[in-house]
Amino acid sequence: DLAIVGDGFYVVSTAITGGEPFYTRDGAFEMRLETPGTGTGAATTAPGYLVDRNGHYLKGWAPDANGVFPTSGAAQALRVDADFFANVFERTSLVELGVNLPASAPLTANHAAAVAAANAGPTPAGFHTYSISVIDSAGNRKPVRLNFTRSALNTWQVSATTTVGAVITTTAATTVPFTATGASGTMSGATVVSPNPIAYALTFTGGTTASFNLDLATTTQFDTGFIALNQNVNGFEKSQLHSLNWDQDGFLVGNFNNDNSRRLYKIPLANFVSPNNLTMRNGMVFEENSASGAPTIADPKITGRASFAPGAIESSNVDIAQEFTRMIQTQAIYNANALAFRTNDEMTVTARDLARA
């Protein structure tokens with residue numbers, strides 16, 4: 001359920017594509033399964049779409065390839081069955097990482113040798129690692145180990161390690177310099193002589209890959225030990241959809257088995273110059289006409305004309321008790337007037353008969 005708080009109407013249609021458009025404020029929606037092969041998707045699955053009480057398809061906006069939702073324009077029927085999202089994923093393209101690197105860590109002359117030593121046995125002095133996970137080209141989550149060693153004053157070496165089968169592979173080291181402030185400092189873009197972010201192209205078991213940028217802009221170098229400060233990895237893996245809910249901005253949110261949630265669709269609202277002149281149809285839906293004007297379909301958060309109340313539906317503005325009282329009063333007045341007319345008619349007939357006699 002989703003209630004509109006303010007002006008506007010949901011856009012619904014009698015067909016998945018095309019069909020006759022209608023407009024409603026009834027926000028009670030449910031998923032209806034179609035015949036396998038109907039609409040978008042594999043012919044072996046039964047696609048499910050959000051419909052209103054009349055079976056009309058709710059229309060909304062899907063995000064583009066970059067995950068950005070439109071704010072105006074044509075809307076589409078909302079397919080929400082689990083099969084539709086089972087193989088949807090987004091590869092990792094950016095890892096933002098902030099750690100503190102200890103300024104007084106022992107110097108390491110050969111970064112690659114230190115990585116090999118750590119892989120084979122005890123971790124060498126001054127060798128620090130940080131583990132992240134990224135989404136590969138097949139939509140699966142894969143582990144990556146980042147290696148840090150200090151090669152000179154205010155200078156660190158960074159590499160990435162992955163496992164391909166039984167083979168451990170490490171990228172070439174990248175130099176990360178820091179601004180010189182005595183024995184410590186903070187990373188400065190003005191003094192970075194190597195790429196920052198650092199571009200990585202990694203291969204995993206099974207031949208899948210991941211290409212992403214490692215942004216270390218918030219990494220610091222103070223003599224307080226190796227400390228994780230912040231981490232942000234974009235992308236999401238394949239997972240099964242298990243439930244849906246609305247948020248207060250009108251987004252349909254999908255909740256997946258891997259405990260992740262993401263916005264799947266955005267609901268726009270239609271506004272009219274004269275909404276009171278819309279033509280009412282059966283099922284509490286309305287149709288535009290020349291008196292109402294054409295609809296303007298837009299994001300209500302941008303227009304400021306409405307908001308949404310998740311888990312609620314718009315209640316009737318009619319007081320049933322008051323309306324029944326008015327109906328009884330009207331019926332009583334009608335009966336009294338009918339009796340008066342009947343009595344008057346009978347008196348007229350009697351007077352006519354007496355005049356003839």
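Here's a quick tour of the nonpolar cores, helix α2 and a buried glutamine. Keep in mind that this is a predicted model. The largest nonpolar core has 24 residues, and a second, separate core has 22.

**The cores**
- Leu97, Val134, Val144, Leu146, Phe148, Tyr200 and Leu214 have the most contacts inside the largest core.
- Strands β8 (94-100), β9 (128-135), β10 (141-152), β11 (155-164), β15 (198-203) and β16 (209-215) each chip in at least two residues of this core.
- The second core includes Ile4, Val12, Val80 and Phe308.
- Leaving aside residues up to four places away in sequence, Phe148 touches a mixed crowd, including Leu97, Val99, Leu101, His111, Tyr130, Trp156, Val158 and Phe226.

**Helix α2**
- Helix α2 spans residues 111-120, and His111, Ala114, Val115 and Ala118 are its buried residues.
- Those four sit on the same side of α2 because they cover an arc of only 100 degrees around the axis.
- Flip to the other side of α2 and you'll find Ala112 and Ala120 exposed.
- The cover over the buried residues of α2 includes β10, β11 and β12 (167-170).
- At the start of α2, a side-chain oxygen of Asn110 comes to within 3.1 Å of the backbone nitrogen of Ala112.

**Gln221**
- Gln221 belongs to strand β17 (residues 220-221).
- Gln221 counts as buried because its relative accessibility is 0%, and the cut-off is under 20%.
- Its side chain still finds polar company: Gln221 makes a polar contact with the side chain of Asn154 at 2.8 Å, and another with the side chain of Trp156 at 3.0 Å.

Definitions and conventions:
Residues numbered from 1 in each chain as written. Predicted model: local features only at pLDDT ≥ 70, side-chain atom pairs only at ≥ 80, totals over all residues. Heavy atoms only, no water. Core = buried A, V, L, I, M, F, W, Y, C linked by side-chain atoms within 4.5 Å. Buried < 20%, exposed > 50% of the residue type's maximum accessible area, 1.4 Å probe, protein only. Contact = heavy atoms within 4.5 Å. Arc of directions from axis to C-beta. Polar contact = N/O pair within 3.5 Å; in protein donor to acceptor, adjacent residues only side chain to side chain.
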